[in-house]
Amino acid sequence: MKVKLNDDKEVVKLIQEGLERTGGYCPCRIKRTEEYKCMCEEFKQQIKDPNFEGFCHCKLYYKTKD
């Protein structure tokens, strides 16, 4: 299992700028709650799932199975 940044540098730049504007909360979400603080709870749970492979909600991170 490996978690890495999206290979698309433009997406990474836009999301990181959004994180700066929101104080570290997912810029793709309306609510500003602890569960949406980057790295969000949803993705942390997906990381724990050995069968999950894919992006987090905002596409900043990608988790591989191997």
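These legends go with close-up views of one buried asparagine and several salt bridges in a predicted model.

In this predicted model, local features need pLDDT of at least 70 and side-chain atom pairs count only at pLDDT 80 or more, while totals for chains, interfaces and linings use all residues. Residues are numbered from 1 along each chain as its sequence is written, and side-chain values use heavy atoms, with hydrogens and water left out.

**View 1. Asn6 sits in the loop between strand E1 (2–5) and helix H1 (9–22).** Helices (H or I, at least four residues) and strands (E, at least two) are DSSP runs, numbered from the N terminus. Asn6 has 13% relative accessibility, so it counts as buried (under 20% relative accessible area; exposed is over 50%, partly exposed in between; 1.4 Å probe, protein chains only). Polar atoms of its side chain lie 2.8 Å from the backbone nitrogen of Asp8 and 2.9 Å from the backbone oxygen of Lys59.

**View 2. Lys13 and Glu17 pair up in a salt bridge (3.8 Å, N to O).** That term means a side-chain nitrogen of Lys or Arg within 4 Å of a carboxyl oxygen of Asp or Glu; the whole structure has four. The two residues are four apart in helix H1, so about one helical turn separates them.

**View 3. Glu42 and Arg29 meet in a salt bridge (2.3 Å, N to O).** This one links distant parts of the chain, 13 residues apart: Glu42 is in helix H2 (residues 41–48), Arg29 in the loop between H1 and H2. Glu42 is partly exposed at 38% relative accessibility, whereas Arg29, at 15%, is buried.

Methods:
Polar contact = N/O pair within 3.5 Å; in protein donor to acceptor, adjacent residues only side chain to side chain.
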